[in-house]
Amino acid sequence: MPRAVRFDKYGGIEVLQVVEVERPTAGPGKVLVRVKAAGINPGEASIRKGLFAERWPATFPSGQGSDLAGIVEEAGPGVTNVGVGDEVIGFTENRASQAEFVLVDSGNLVPRPGNVSWEQAGALFVAGTTAFAAVRSVALSPGDTVVVSGAVGGVGSIAVQLARNAGAKVIGLASEANHTWLTDHGIIPVTYGDGVEDRIRAASGGKIDAFIDTFGGGYVELALKLGVPTNRIDTIIDFAAAAKYGVKAEGNQVAATAEVLGQLAGLLAAGRLEIPIAKVYPLAEVRDAYRELEQRHTRGKIVLEP
Ligand SMILES: NC(=O)c1ccc[n+]([C@@H]2O[C@H](COP(=O)([O-])OP(=O)(O)OC[C@H]3O[C@@H](n4cnc5c(N)ncnc54)[C@H](OP(=O)(O)O)[C@@H]3O)[C@@H](O)[C@H]2O)c1
């Protein structure tokens with residue numbers, strides 16, 4: 001029987017298990033994908049811990065995961081956009097991608113360009129569409145200066161490249177170990193922590209037009225202190241600050257479409273976007289994968305491979 005990640009109650013990493021499950025079959029409009037790679041995301045850890053129990057409750061036993069890339073195993077009646085054997089990138093809204101097989105709505109799949117690795121393909125959906133939404137929300141033009149917090153994390157590492165592609169000067173906040181990666185991608189690195197405000201002002205040359213916060217913990221207030229207008233500040237995590245100050249909170253939900261996923265896959269294929277893969281874990285080591293992710297110092301994405 002195929003294996004899948006499951007948890008039966010809210011809790012720490014120890015509630016995660018890899019269990020044998022029934023092999024799904026593809027009904028009308030559905031596609032059964034044999035998963036080659038599935039990215040993991042901090043939001044999944046928050047859901048598992050019960051931190052979003054009111055906003056996005058779990059039903060038990062719960063599966064886990066939205067991101068996926070794999071090979072079409074079965075196409076249900078009425079499916080015309082993909083066929084058996086096709087290599088695809090996609091997403092599920094059913095918390096189910098961390099598994100050997102996942103059932104996906106056919107409209108949630110795009111082709112995997114042959115030169116995009118399985119790992120990057122499988123890590124693309126949540127972080128990519130969130131970065132896309134965040135960059136779009138601050139409306140960058142060539143010559144703008146934008147600051148990105150968490151600049152080398154899953155979302156940040158994609159957001160800085162999309163902002164660069166839009167012609168902006170990009171200042172990325174990261175620890176020193178990540179500065180070379182930022183410089184190599186045309187981003188100005190700035191160390192976070194005490195004195196960050198002065199360092200950003202110095203790096204910017206005085207003009208800061210936009211701020212994308214992917215980390216929380218006071219970066220919205222910092223953006224306001226730097227003089228960035230509220231309609232050009234986006235936070236994907238500090239919803240309390242967004243409500244308090246009227247800044248934007250656009251993330252995955254406003255860009256979670258196959259169309260955006262296809263655009264991002266095209267950028268990867270064209271070499272205009274790269275997803276750093278921090279580590280690949282076998283599905284059976286899902287607990288170790290989240291243990292690493294939850295340290296909050298991942299460069300790019302961590303991926304599970306069934
Ligand atoms: N609203 C949405 O739709 C949405 C979607 C996806 C994610 N999210 C949320 O957005 C956040 C980021 O997600 P992610 O996948 O990018 O997370 P991630 O990959 O875990 O981000 C890790 C990054 O955070 C950086 N970091 C650690 N401490 C920091 C500090 N004090 N100041 C600035 N940066 C710091 C790390 O940099 P160093 O390694 O250099 O320390 C690392 O690059 C999470 O809270 C997630 O739940 C929201």
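**Exercise 1. Arg-23 and its salt bridge**

Task: In this predicted model, determine how exposed Arg-23 is, and find which residue forms a salt bridge with Arg-23.

Solution:
1. Arg-23 has a relative accessible area of 37%. Values from 20% to 50% fall between the limits for buried and exposed, so Arg-23 counts as partly exposed.
2. The salt-bridge partner of Arg-23 is Glu-73, with 3.1 Å between the closest N and O atoms.
3. The two residues lie in distant parts of the chain, 50 residues apart. Glu-73 belongs to strand β4 (residues 67–75), whereas Arg-23 sits in the loop between β2 (17–20) and β3 (30–39).
4. Glu-73 is also partly exposed, at 24% relative accessible area.
5. As general background, side chains of opposite charge can pair when their charged atoms come close.

**Exercise 2. Two further salt bridges**

Task: Give the closest N and O distance for the salt bridge of Glu-197 with Arg-201 and for that of Lys-207 with Asp-209. Then state how many salt bridges the structure holds.

Solution:
1. For Glu-197 and Arg-201, the closest N and O atoms are 2.9 Å apart.
2. Both residues belong to helix α6 (residues 196–204). Because they are four residues apart in that helix, about one helical turn separates them.
3. Arg-201 is partly exposed, with 35% relative accessibility.
4. For Lys-207 and Asp-209, the corresponding distance is 2.6 Å.
5. The two partners fall into separate accessibility classes: Lys-207 is partly exposed at 41%, whereas Asp-209 is buried at 15%.
6. Salt bridges with shared partners also join Arg-23, Arg-34, Glu-73 and Glu-74 into one network.
7. The structure holds 13 salt bridges.

**Exercise 3. Val-220 and Asp-238**

Task: Locate Val-220, list its contacts beyond four places in sequence, and determine whether Asp-238 has a salt bridge or has none.

Solution:
1. Val-220 is part of helix α7 (residues 219–225).
2. With 0% relative accessibility, Val-220 counts as buried.
3. Once neighbours within four places in sequence are set aside, Val-220 contacts Asp-213, Thr-235, Asp-238, Ala-241, Tyr-245 and Val-247.
4. Val-247 is 27 residues from Val-220 along the chain, and their C-alpha atoms are separated by 8.0 Å.
5. Asp-238, another of these contacts, lies in the loop between β12 (233–235) and α8 (239–245).
6. Seen from Asp-238, the residues touched are Asp-213, Gly-216, Gly-217, Gly-218 and Val-220, again without residues up to four places away in sequence. Asp-213 therefore appears in both contact lists, given that contact means heavy atoms within 4.5 Å.
7. Asp-238 is buried and has no salt bridge. The nearest side chain of opposite charge is Lys-244, 9.3 Å away. A salt bridge needs a side-chain nitrogen within 4 Å of a carboxyl oxygen, so the pair does not qualify.

**Exercise 4. Surroundings of the ligand**

Task: Identify the residues that come nearest to the ligand, then give the N or O distances for Tyr-192, Ile-236 and Asn-252.

Solution:
1. There are 24 residues around the ligand. Those that come nearest are Ser-175, Tyr-192, Tyr-219, Asn-252 and His-297.
2. A side-chain N or O atom of Tyr-192 is 2.4 Å from a ligand oxygen.
3. Ile-236 uses a backbone N or O atom, which lies 2.8 Å from a nitrogen of the ligand.
4. Asn-252 also places a backbone N or O atom 2.8 Å from the ligand, here from an oxygen atom.
5. The ligand taken alone exposes 940 Å², of which the protein buries 89%.
6. Helices α1 (42–49), α3 (125–137) and α4 (154–165) are the elements that each give two or more residues to the shell around the ligand.

**Exercise 5. Backbone exceptions**

Task: Find where the peptide bond from Phe-60 to Pro-61 stands, cis or trans, and give the phi values of Ala-139 and Arg-296.

Solution:
1. Most residues other than glycine have a negative phi, and most peptide bonds are trans.
2. The bond from Phe-60 to Pro-61 is cis, with omega near -5°. Pro-61 is in the loop between α1 and β4.
3. Ala-139 is not a glycine, yet its phi is positive, about 50°. Ala-139 sits in the loop between α3 and β8 (145–149).
4. Arg-296 likewise has a positive phi, about 65°. Its place is the loop between α10 (286–293) and β14 (301–305).
5. Arg-296 is partly exposed, with 44% relative accessible area.

Conventions. Residues numbered from 1 in each chain as written. Predicted model: local features only at pLDDT ≥ 70, side-chain atom pairs only at ≥ 80, totals over all residues. Heavy atoms only, no water. Buried < 20%, exposed > 50% of the residue type's maximum accessible area, 1.4 Å probe, protein only. Lys, Arg positive; Asp, Glu negative; His and termini not counted. Near = heavy atom within 4 Å. Polar contact = N/O pair within 3.5 Å; in protein donor to acceptor, adjacent residues only side chain to side chain. Areas by Shrake-Rupley, 256 points an atom, 1.4 Å probe, with all protein chains shown as cover.
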